[in-house]
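Colleague: I should like to understand how the descriptive terms are applied to this model. Please show the structure before we begin.

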Amino acid sequence: MGIIKASKLAFDYFKYSQTDGEIEEVTRAVDDVNLDIETGQFIAILGHNGSGKSTLAKHINALLTPTEGTLWVDSVDTSEEGELWKIRQKAGMVFQNPDNQIIGTMVEEDVGFGPENMGVPTPDIWKRVEDSLHAVGMIAYRHHSPNKLSGGQKQRVAIAGVVAMHPKCIVLDEPTAMLDPNGRKEVLQAVWELNQKEGVTVILITHYMEEVIFADKVFVMDHGSLVMEGTPREIFSKVEILQNYHLNVPQVTLLAHELKQAGLDIPDGILTVDELVEALCRLR
Amino acid sequence: MSITLEHVTYIYSPETVYEMRALTDVSLNIPDGQFLGIIGHTGSGKSTLIQQFNGLIKPTAGRVLYNGQDIWAENYNLKELRSQVGLVFQYPEHQLFEVDVLSDVCFGPKNQGLTEEKAKEQAVIALDQAGLGEEFFKKSPFELSGGQKRRAAIAGVLAMNPKVLILDEPTAGLDPRGRDEILSQIAYLHKVRGITIVLVSHSMEDIANHVDRIIVMNNGKIAYDDAPKQVFGHYQELEKMGLAAPSITYIMNALKKRGFDIDTTATTVEEAKETILNALDRKVENHD
């Protein structure tokens, strides 16, 4: 079994009547999801707004528990109430808005909050704070006030806060949606290094197609179900299918696809500028 | 008829320890009917700049003119200015508060002193132009999807019949389809209403596809003010400012470096496709 495994996972949101408290409407946000994620993988989840990505993600650290089916994090069933804190320590979560996640008045205090809460002895907390700030490239800011940082820096502090809890897995729910291009690059770089150097399993939810081309595996969600699963190259070679799911492909991939449709001999699923340039040079 | 800034400087909390210079000697003119894009990294002064356009903040030095009149002159009607220059903030859907979509959109025009009936009339037009049909009027704003909420919020500003519509990152946090929808809706508004649009965005692709002119802000100053093709030609300088050109620009420049005899100014997939096909055809002809 991988670090995260879902079997027939389903989740319903209930809308209650304001007058008598009866259930008025049931919305199935996640529907019959089966997946198995191996330790150390970099996973990306794509899907349009309302496709169920965030609901699925919230199951991974037990913010939500399944209506039907089961989700295991490192072989622990998330429905077992007694295991809640263990699960949240194994799987950390980073959200979209950095301003909603930072509570400390100084960067290092904020990062130390998690391990302190876990009862880690003080000298070890400082070690963890230092190590995780190093890992995200923010050690120079340890004594700064978080509210003077840029969006990308704040988001890296939020990531360090999760890293300090030594999770096996980090779930990032659109961590770059509110950042400028530079901030986006910084955050992705930090996440990538955690995955490559520390072997942390990463689950990245994003609307930016360019961010997923280095992932080991991409899942596409639609109406609560997993509808596509494969390597970025496999997924992005299906331009029309993705467009049906309200998604698109990186601009480079789209241009390559259009050129191919116009009769040029170019392979499917081109992901980077270099690949396209190489392919075009071969045609000269 | 236009917005003009003359040597505008803006300093936050002047003469305190928190003093921060956000704009330095910015001069520009936005003629009527233009579709203008503003780009710049976080903290470059974009948001401070657009707040000058409708008099939300007063310049520390310099003048802001609307249709030739100084908006900070005595007796100038700022309230009137703000109904003519509409500002849609980031994440405008956080500002939806009424019980249903129609009432929310009516709030602006009612506040302008219009009768219930007239306000409703303008709201219905605005909702229609923002792409929300009658089926949405009685829905709670909380029942809408992200893209729909944002359109409802834009309709709220449109209902006041502004001559200028400023949008601060209108596509942030939306999925690709939502982004395309909002942008085409804005382009459509520009067309049917003929109003001036100022679009602030981090997304170079969004900007490249729609605007007539780009202003690049860096450290509170205007770094570039030109047509998109000219601005993106400076892609290396843009990177130094924490920005980037559309990925298409990189492809075109890389091809040129590899010996393709091509014009590198394409910024959209469509243009790039034409340019590349032409370049390859010409090669074929040369071989014949």
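Colleague: In which sense do β7(B) and strand β8 (residues 196–200) of chain B pair, and over how many bridges?

Modeller: β7(B) and β8(B) pair in the parallel sense over 5 bridges. Two strands are said to pair if DSSP finds at least two bridges between them, so β7(B) and β8(B) qualify with 5. One position to look at is Asp168(B), which stands opposite Val200(B) in β8(B). Please note that this is a predicted model, in which local features need pLDDT of at least 70, side-chain atom pairs count only at pLDDT 80 or more, and totals for chains, interfaces and linings use all residues. Residues are numbered from 1 along each chain as its sequence is written, while chains are lettered from A and ligands numbered from 1 in the order in which they are written.

Colleague: What makes the β-α-β crossover from β7(B) to β8(B) right-handed or left-handed?

Modeller: A crossover is right-handed if, with the strands pointing away from the viewer, the path from the first strand over the helix to the second runs clockwise. Here the chain passes from β7(B) through helix α6 (residues 176–193) of chain B to β8(B), and the crossover is right-handed. Helices (H or I, at least four residues) and strands (E, at least two) are DSSP runs, numbered from the N terminus.

Colleague: How do you know that the length of α6(B) agrees with its number of residues?

Modeller: The expected span of a helix is 1.5 Å times one less than its number of residues. For the 18 residues of α6(B) this gives 26 Å, and the end C-alpha atoms are 25 Å apart, so the two values agree. Just after α6(B), Gly194(B) takes a positive phi of about 65 degrees.

Colleague: Why is strand β7 (residues 164–168) of chain B called mostly covered?

Modeller: A residue is buried if 20 or more other C-beta atoms lie within 10 Å of its own, exposed if 12 or fewer, and partly exposed in between, with C-beta atoms placed from the backbone. In β7(B), 5 of its 5 residues are buried. Val164(B), Ile166(B) and Asp168(B) lie on one side, Leu165(B) and Leu167(B) on the other, and both faces are covered.

Colleague: Why is Ala62(A) called buried, partly exposed or exposed?

Modeller: Ala62(A) has 23 C-beta neighbours inside 10 Å, and therefore counts as buried. Ala62(A) is found in the loop between α1 (53–60) and β4 (68–73) of chain A. Its phi is near 65 degrees, a positive value in a residue other than glycine. Most residues other than glycine have a negative phi.

Colleague: How does His7(B) stand against the burial cut-offs?

Modeller: His7(B) has 12 other C-beta atoms within 10 Å, and is therefore exposed. His7(B) is found in strand β1 (residues 2–12) of chain B, and its phi, near 50 degrees, is also positive.

Colleague: What makes Thr272(A) partly exposed?

Modeller: Thr272(A) has 17 C-beta neighbours inside 10 Å, a count between the two cut-offs, and so is partly exposed. Thr272(A) is placed in the loop between α9 (251–261) and α10 (273–283) of chain A.

Colleague: With which residues is Thr272(A) in contact, leaving aside its neighbours within four places in sequence?

Modeller: These are Ile213(A) and Val252(A). Two residues are in contact if their C-beta atoms, placed from the backbone, lie within 7 Å. Between the chains, 32 residues of chain A are in contact with 33 residues of chain B.
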